[in-house]
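Biologist: I'm new to this one, and I'd like to know what stands behind the labels people put on it. Can you show it to me and then let me quiz you?

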Amino acid sequence: MPWYSFTPGAATPQDPSDPAQYTNVGGSPPTCLGGPKVCAIQANDLATKPIFTTALYREIIRAQHNAVGSTNVLMQP
């Protein structure tokens with residue numbers, strides 16, 4: 001599965017559950033810098049955008065709530 005960097009740009013709100021706010025970075029996880037927020041996710045691909053499943057949404061919410069990454073969600077250190 002490919003990795004996607006969270007790249008919201010000027011989007012308001014910055015929403016880690018919005019597939020349009022991610023950029024495909026290939027098969028390796030990106031380097032994360034900065035504060036405790038979602039940095040990247042790993043998901044199946046549809047036209048270079050991540051496919052969000054219920055399980056992935058839940059994984060993102062848990063990672064944000066606990067400020068700890070998981071198998072498919074990288075948090076900034």
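Modeller: What follows is a run of questions and answers about this model, which is predicted.

Biologist: Let's start with the sulfurs. Why are Cys32 and Cys39 called a disulfide?

Modeller: Their sulfur atoms sit 2.1 Å apart. The cut-off is 2.5 Å, so a pair within that distance gets the name. By this rule the count comes to 1 disulfide. In general, a disulfide is a covalent bond between the sulfur atoms of two cysteines.

Biologist: Which hand does the link of Cys32 and Cys39 have? And are the two residues buried or exposed?

Modeller: The link is left-handed, with -90° about the S-S bond. As for the second part, both Cys32 and Cys39 are buried.

Biologist: On to the sheet. What makes E2 and E6 the edge strands?

Modeller: Take the order first: the open sheet has 4 strands, E2-E1-E3-E6, with antiparallel pairing. Strand E2 (22-26) and E6 each have a single partner strand, so one side of each is left without a neighbour in the sheet. From one strand to the next, the twist averages 25°.

Biologist: How do you know that E1 and E2 are paired?

Modeller: Pairing calls for at least two bridges. E1 and E2, running antiparallel, are joined by 4 bridges, so they pass that cut-off. One place to look is Trp3, whose bridge partner in E2 is Gly26.

Biologist: And how many bridges does E3 have with E1, and with E6?

Modeller: E1 and E3 pair over 3 bridges in the antiparallel sense. Ser5 stands opposite Ala40 in E3 there. E3 and E6 are also antiparallel, over 3 bridges, and Ile41 has Val73 as its bridge partner in E6.

Biologist: Where does helix H1 come in?

Modeller: H1 packs on the sheet and touches E2, E3 and E6. The direction of H1 makes about 20° with that of E6.

Biologist: What makes you say that E3 is mostly covered?

Modeller: Count its buried residues: 5 of its 5. Gln42 is one to check, as it lies in strand E3 (residues 38-42).

Biologist: Why is Gln42 called buried?

Modeller: Its relative accessibility is 16%. Buried means under 20%, so Gln42 gets the label. Beyond its neighbours within four places in sequence, Gln42 is in contact with Met1, Pro2, Trp3, Leu56, Thr71 and Asn72. With Met1 there is a polar detail too: the backbone oxygen of Met1 lies 3.3 Å from a polar atom of the Gln42 side chain.

Biologist: Then what about Ser5 in strand E1: why does Ser5 count as buried?

Modeller: Ser5 comes out at 14% relative accessibility, and the cut-off is under 20%, so Ser5 is buried. Setting aside residues within four places in sequence, Ser5 has contacts that include Tyr22, Cys39 and Ala40.

Biologist: Which residues make up the largest nonpolar core?

Modeller: There are 12: Tyr4, Phe6, Tyr22, Val38, Ile41, Ala43, Phe52, Leu56, Ile60, Ala63, Val73 and Met75. Strand E1 (3-6), E3, helix H1 (54-66) and strand E6 (73-75) are the elements that give two or more residues to this core. H1 gives the most, with 3 residues.

Biologist: What does Ile60 touch?

Modeller: Not counting residues up to four places away in sequence, Ile60 touches Pro16, Tyr22, Val38, Ile41, Phe52 and Val73.

Biologist: Now a loop residue. Why is Ala67 called partly exposed rather than buried?

Modeller: Ala67 lies in the loop between H1 and E6 and has 46% relative accessibility. Buried is under 20% and exposed is over 50%, so a value of 46% falls in between and Ala67 is partly exposed. Its C-alpha is 9.8 Å from that of Gly35, although the two are 32 residues apart in sequence.

Biologist: What makes the phi of Ala67 worth a look?

Modeller: Ala67 has a positive phi of about 55° although it is not a glycine. Most residues other than glycine have a negative phi. Thr48, also not a glycine, has a positive phi of about 65°. You'll find Thr48 in the loop between strand E4 (45-46) and strand E5 (49-50).

Conventions. Residues are numbered from 1 along each chain as its sequence is written. This is a predicted model: local features need pLDDT of at least 70, side-chain atom pairs count only at pLDDT 80 or more; totals for chains, interfaces and linings use all residues. Side-chain values use heavy atoms; hydrogens and water are left out. Buried means under 20% relative accessible area, exposed over 50%, partly exposed in between (1.4 Å probe, protein chains only). A polar contact is a pair of N or O atoms within 3.5 Å; within protein, one must be able to donate a hydrogen and the other to accept it, and residues adjacent in sequence count only if both atoms are side-chain atoms. Contact means heavy atoms within 4.5 Å. A nonpolar core is a set of buried Ala, Val, Leu, Ile, Met, Phe, Trp, Tyr and Cys residues joined through side-chain atoms within 4.5 Å. Axes are lines fitted to C-alpha atoms, for helices over the stretch in contact, and angles run from 0 to 180 degrees between N-to-C directions.
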